[in-house]
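Work through the exercises below with the sequence and the model open. Each task is followed by a solution in steps.

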Amino acid sequence: MKEIEGIIERKRSIDEVKLMKPLVWAYIGDCIYEIFIRIKLVNETHLDPHRLHIETIKHVKAKAQAETLAKIQESLTDQEKDIVRRGRNAEAHHQPKNADLADYKHATAFEALIGYLYLSKQDERLKEILEKC
């Protein structure tokens with residue numbers, strides 16, 4: 001992610017990031033994970049834009065993210081597990097449209113973890129986790 005660092009500056013200190021609401025982490029994590037998937041598909045396939053979109057959705061929908069979280073859960077540190085717990089327990093103010101509530105909460109937890117790692121500039125750890133996805 002060093003290539004993008006000069007374009008998208010992360011200005012918050014680690015203490016400020018720790019104080020953010022988990023849904024803010026998830027808001028950023030949603031974006032970071034989706035761009036990771038999109039770039040991975042562009043780099044590894046020769047799909048047209050419509051197929052790229054279809055394949056991306058398969059990875060970023062709540063059920064897929066919940067499954068990804070389950071897959072990486074054992075490799076998380078205690079601090080990361082706490083971030084996941086806070087993301088899962090965050091109060092969402094709407095019902096998910098295309099997912100059951102359990103998958104939605106676990107997807108939010110996964111996105112919170114990705115967002116937290118990104119915002120706190122833990123790029124090496126973020127890369128390790130994304131490579132497991």
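**Exercise 1.** State where Leu 47 lies, classify its exposure and list its contacts beyond the sequence neighbours.

Solution. The model is a predicted one. Step 1: Leu 47 sits in the loop between α3 and α4. Step 2: its relative accessibility is 33%. Buried requires under 20% and exposed over 50%, so Leu 47 counts as partly exposed. Step 3: with neighbours within four places in sequence set aside, Leu 47 touches Leu 52 and Glu 55.

**Exercise 2.** Describe how helices α5 and α7 cross, and give the composition of their contact.

Solution. Step 1: locate the helices; α5 covers residues 62-72 and α7 covers residues 101-119. Step 2: their axes come within 7 Å and cross at roughly 65°. Step 3: the crossing of α5 and α7 is left-handed. Step 4: on the α5 side, the contact is made by Ala 62, Lys 63, Gln 65, Ala 66, Thr 68, Leu 69 and Ile 72. On the α7 side, Asp 103, Tyr 104, His 106, Ala 107, Ala 109, Phe 110, Glu 111 and Leu 113 take part. Step 5: sorted by class, the contact of α5 with α7 has 9 nonpolar, 3 polar and 3 charged residues.

**Exercise 3.** Identify the buried residues of α5 and the helices against which they pack.

Solution. Step 1: the buried residues of α5 are Ala 62, Ala 64, Gln 65, Ala 66, Thr 68, Leu 69 and Ile 72. Step 2: these buried residues pack against α3, α4 (49-60), α6, α7 and α8.

**Exercise 4.** Compare the span of α6 with the expected value, then determine how its buried residues are arranged around the axis.

Solution. Step 1: α6, residues 78-89, has 12 residues. Step 2: from first C-alpha to last, α6 reaches 16 Å, close to the 16 Å expected at 1.5 Å a residue. Step 3: Glu 80, Ile 83, Val 84 and Gly 87 are the buried residues of α6. Step 4: they cover an arc of only 100° around the axis, so they are on the same side of α6. The general background is that an α-helix has 3.6 residues a turn, so residues three or four places apart point the same way. Step 5: the cover over the buried residues of α6 includes α3 (22-44), α5, α7 and α8 (123-132).

**Exercise 5.** Which residues of α8 are buried, and which exposed residues does the face turned away from them carry?

Solution. Step 1: Asp 123, Arg 125, Leu 126, Ile 129 and Leu 130 are buried in α8. Step 2: viewed down the axis of α8, these buried residues fall within an arc of 160°, so they line one face of the helix. Step 3: the face of α8 turned away from the buried side carries the exposed residues Glu 124 and Glu 131.

**Exercise 6.** Classify Tyr 27, Asp 30 and Ile 39 by exposure, and give for each a C-alpha distance to a residue elsewhere in the chain.

Solution. Step 1: Tyr 27 is in α3, and its relative accessible area of 63% makes it exposed. Tyr 27 and Glu 111 are 84 residues apart in sequence, with their C-alpha atoms 7.3 Å apart. Step 2: Asp 30 is also in α3 and is partly exposed at 32% relative accessibility. The C-alpha atoms of Asp 30 and Leu 69 are separated by 13 Å, at 39 residues apart along the chain. Step 3: Ile 39, in helix α3, is partly exposed with a relative accessible area of 45%. Between Ile 39 and Glu 124, which are 85 residues apart along the chain, the C-alpha separation is 18 Å.

**Exercise 7.** What is notable about the phi angle of Lys 121, and where is Lys 121 found?

Solution. Step 1: Lys 121 has a positive phi of about 60°, although it is not a glycine. Step 2: Lys 121 is in the loop between α7 and α8. Step 3: with 43% relative accessibility, Lys 121 counts as partly exposed.

Methods: Residues numbered from 1 in each chain as written. Predicted model: local features only at pLDDT ≥ 70, side-chain atom pairs only at ≥ 80, totals over all residues. Heavy atoms only, no water. Axes fitted to C-alpha atoms, helices over the stretch in contact; angles between N-to-C directions. Helix = DSSP H or I, 4+ residues; strand = E, 2+ residues; numbered from the N terminus. Left-handed = near helix turned anticlockwise from the far one by under 90°. Contact = heavy atoms within 4.5 Å. Nonpolar A, V, L, I, M, F, W, Y, C, P; charged D, E, K, R; others polar. Expected span 1.5 Å × (residues − 1). Buried < 20%, exposed > 50% of the residue type's maximum accessible area, 1.4 Å probe, protein only. Arc of directions from axis to C-beta.
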